[in-house]
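Me: I should like to learn how to read a metal site and a sheet in a model. Could you take me through one case?

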Amino acid sequence: MSRILIVDDEKSIRITLCEFLKAENIQADSAEDAATALQMLEKAPYDVVFSDIIMPNSNGIDLLIEIKKRAPSIQVIIMTGEPTVETAIKAVQQGAHDYLPKPINRKMLMKAANHALQVKSLLDQKAALEELNHIYQAGLERLVGQRTTALQNAMQSIIILLSTMTEIRDPYTAGHQRRVGNLSAAIAGKMGMASSTVELIRIIGYIHDIGKIVVPSEILTKPGVLSPLERQIIQEHSQKGYEMLSKVDLPAIIAETVLQHHERCDGSGYPRGLKGSEITMEAQILMVADTVEAMMSHRPYRAALGLDAALNEIEKNSDKLYNPEIVSACKNLFLEGHYNNDDSEHIYYPIGVV
Ligand SMILES: [Fe+2]
């Protein structure tokens, strides 16, 4: 049932208007001043307030302002015995629904009341729809969040699986990809790259030698010097890795960086002999990390050469084979940051990359 509050210091007006409303099956209450009206509005959900302007100790416009502050959807209709255009304008400017000159007969009252109740009802429906929409949106965002997490988890598992598959066939380089991935990510972080780029570079590092899956394991694990043909077969791993990764729905930069990770800045690398900025920044970082990690690790054909030799190697070839900025970041990482080779798995698949 609709609920209306009449605020007027004249008792006879309060009684008359309430009776008119009750006769139309509208619940009507009354208050003799603004303070009482505000107390009643606190306790019950009124739809419309009819308020006199001039009352002892209170003012109808101030009451209107207070009501609009507390509950903007309540419709307020101003009544006055001394109507002026200025008062009417002031009332409307403060959010009054309507303005009625006294005396108010039943027809005037009901016309204004019905219209105000209609507006209030529409506002209530709008608020209910907005609330429903809010709940729906929140549910939708939760669902998208859950699906994104599931997708990221699946992607992480696939990357770990791909990384592990390569290393099963080449136990001498077990952990190499993870160490290269982690070192590449640390270098990228040191260079101030965005965290999403850092994590993408880590992932590329974890699978950068995936193309070695097609290289016979007797060549991969051969302890002696490789023949030119064997060397050529091994060198094909970057192209093979590119071909494999190009076929799956991953960002193109992953396959492209895998293809380029044996390029060198002076064009002496393979497979395409790219130079400088022709090589992606991700691949330029990976080639430095790959070189350092390989020299620090044991190989079937030699013992580990150590950190000093690895850092000397990249320093010596800075600006020739490698990007000097990356070489400097890598050196600072080890010498100032006391970085230790990290072969643990910690993938945080960058949001938005899937
Ligand atoms: Fe490689």
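Reply: The metal site comes before the sheet in what follows. This is a predicted model, in which local features need pLDDT of at least 70, side-chain atom pairs count only at pLDDT 80 or more, and totals for chains, interfaces and linings use all residues. Residues are numbered from 1 along each chain as its sequence is written, and side-chain values use heavy atoms, leaving out hydrogens and water.

Me: Which residues coordinate the iron ion?

Reply: Donors are N, O and S atoms within 2.8 Å of the metal (3.2 Å for Na, K and Ca); water is not among the atoms, so sites may look incomplete. Here Asp209 (OD), His237 (NE2), His261 (NE2) and His262 (NE2) coordinate the iron ion at 2.1 to 2.4 Å. Along the chain, the donors follow the spacing D-x27-H-x23-H-H.

Me: Are aspartate 209 and histidine 237 buried or exposed?

Reply: Buried means under 20% relative accessible area, exposed over 50%, and partly exposed in between (1.4 Å probe, protein chains only). Both aspartate 209 and histidine 237 are buried.

Me: In what order do the strands of the open sheet lie?

Reply: Strands (E, at least two residues) and helices (H or I, at least four) are DSSP runs, numbered from the N terminus. Two strands pair if DSSP finds at least two bridges between them. In this case 5 strands form an open sheet in the order β2-β1-β3-β6-β7, with parallel pairing. The edge strands, β2 (27–31) and β7 (98–101), each pair on one side only. Strand β1 (residues 3–7) is joined to β3 by 4 bridges, and isoleucine 4 stands opposite valine 48 in β3.
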